[in-house]
Amino acid sequence: MYDYDLLVLGSGPGGQKAAIAAAKLGRRVGIVDRRDMIGGVCINTGTVPSKTLREAVLYLTGLSQRDLYGSSYRVKEEITVSDLAARTQHVITRQTDVIRNQLARNRVVMITGTGRFADAHSIWVDSGSGRESKVTFDKVIIAAGTRPARPDSVDFDDRTIVDSDGVINLQAVPRSMVVVGAGVIGMEYASMFAALGTKVTVVERRERMLDFCDDEVVESLKYHLRDLSVAFRFGEEVAAVEKHQTAALCILKSGKKIVADTVMYSAGRQGQTDDLALEAAGLEADRRGRITVDASYRTSVDHIYAVGDVIGFPALASTSMEQGRLAAQHACGEPIREMHGLQPIGIYTIPEISFVGQTEAQLTESSTPFEVGVARYRELARGQIVGDSYGMLKLLVSPDDGRLLGVHVFGTAATEIVHIGQAVMGCGGTIDYLVDAVFNYPTLAEAYKVAALDASNKIRNITRIDG
């Protein structure tokens, strides 16, 4: 007999859903994590704190209301770190309680500490008391997550030079900041601090940012960030960062120098597998700490699974949850369906971006004909009501049969309304459904009807002339 039918290493989104799914199937389940990391990086230092910080910034700066009340409108004149941290800590505490309650309600045993493999069917758990205890299991799911990658050449001090985990613990709102890396995390924090009035400079070695997004949307975001005084240095790399008494000096390989109160590195993520002693279980990770799995999230050792950020792309909380559920079902011998290929991407910049399906560039590259339907928030009553004059929704449509090939949203509630397009695409729907559907008025969702009519009219014109 093993102590547990299924043991889960890590209590982040993937680990939680895996543990609960197995418990629902009547298995004895344990979940291992540190007392101060219930909910994983997602709840404590990553997704939830950063998105809560964004909401606090939007509210306190009054940024989203300035179209209505003028460019000088602010809810609070002097915004402090305490103002921001209060909301963040409130949400973290509440969400941690929710997770504890869900695990307890499903009779998942919480094992406090850090685990490392003793062999393929057991781990040592260090609770921090100086003594280790051994826990055995029939099957195990590794959901250890990731941490920010830290280049060896950079002297991080969590005050002047920080990573994306440390940035939420700054002692004061910096007057100036250099963000190294124009990926999703880098751009989210760049836009947040720019909204707070920080002079932000983004340094990116590639020639553009967010290259997996729609070109028009990226250009719109760039325009808005420049309007908040964000400076971009594309095709540039940081050679060195010198710490001085009052600021940091960022030296680029091109010879340029930038002075900033804070330098934030957003250099990707590293799998947290260093301390798991994977070799004891017959496993190994790549140089980024990632574990290879098959379509059922099973590793090279049959009874060991891995899910979430630790297995690499797409490394989203949303996909991690589904991976955890599917891995647990497979481990318990339940039939499973593969994860749906239509996975929405949400980027919580200011303004936010979300899309599902293909981009114009991808469709052009594959020689797939498409027509574009666009709706702009300023043409919608709801857009005027919420003060969003820049938002837009773009539908990419097959002219042959009216199927949706891609949905791209920029602006208020983009990460919410993208799911309407996802549902239509997932059910094989066409723009005819959106043209004929009645949407609540006034709503931002009404943009779907406007964009569908736009695309439909363009397709009709081509058919009329081309036959």
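Trainee: Which feature does UniProt place at residues 344–451?

Mentor: The unreviewed UniProt entry places "domain: Pyridine nucleotide-disulphide oxidoreductase dimerisation" there. The model here is predicted. Over residues 344–451 the chain is 33% helix and 25% strand. The end C-alpha atoms of that stretch are 19 Å apart.

Trainee: Why are helix 3 and helix 5 called oblique to each other?

Mentor: Start with the angle. The axes of helix 3 (residues 47–61) and helix 5 (residues 81–105) cross at roughly 135°. Roughly perpendicular covers 65 to 115 degrees, and roughly antiparallel needs over 145. The angle fits neither class, so the two helices are oblique. Their axes come within 9 Å, and the crossing is right-handed.

Trainee: How do you know that helix 3 meets helix 5?

Mentor: Contact means heavy atoms within 4.5 Å. Helix 3 residues that meet helix 5 include Val48, Pro49, Leu53 and Tyr59. On the helix 5 side, Asp83, Leu84, Arg87 and Val91 are among them. By class, this contact has ten nonpolar, two polar and three charged residues.

Trainee: How many aromatic pairs are there?

Mentor: The count comes to six aromatic pairs.

Trainee: What makes Phe117 and Phe137 a pair, and why is the pair called edge-to-face?

Mentor: Take distance, then angle. The ring centres of Phe117 and Phe137 are 6.3 Å apart, and the limit is 6.5 Å, so the rings pair. Their planes stand at 75°. Over 60 degrees counts as edge-to-face, so that is the name for this pair.

Trainee: Where in the chain do Phe117 and Phe137 lie?

Mentor: Phe117 is in strand 4 (residues 114–119), and Phe137 is in strand 6 (residues 132–142). They are 20 residues apart, and the pair links distant parts of the chain.

Key: Residues are numbered from 1 along each chain as its sequence is written. This is a predicted model: local features need pLDDT of at least 70, side-chain atom pairs count only at pLDDT 80 or more; totals for chains, interfaces and linings use all residues. Side-chain values use heavy atoms; hydrogens and water are left out. UniProt positions are given in the numbering used here, feature names are shortened, and annotations may be inferred rather than shown by experiment. Helices (H or I, at least four residues) and strands (E, at least two) are DSSP runs, numbered from the N terminus. Axes are lines fitted to C-alpha atoms, for helices over the stretch in contact, and angles run from 0 to 180 degrees between N-to-C directions. Angles under 35 degrees count as roughly parallel, over 145 as roughly antiparallel, 65 to 115 as roughly perpendicular and the rest as oblique. A crossing is left-handed if the near helix is turned anticlockwise from the far one by less than a right angle, and right-handed if clockwise. Ala, Val, Leu, Ile, Met, Phe, Trp, Tyr, Cys and Pro count as nonpolar, Asp, Glu, Lys and Arg as charged, and the others, Gly among them, as polar. Rings of Phe, Tyr and Trp (its six-membered ring) pair if their centres lie within 6.5 Å; planes under 30 degrees apart count as stacked, over 60 as edge-to-face and the rest as tilted.
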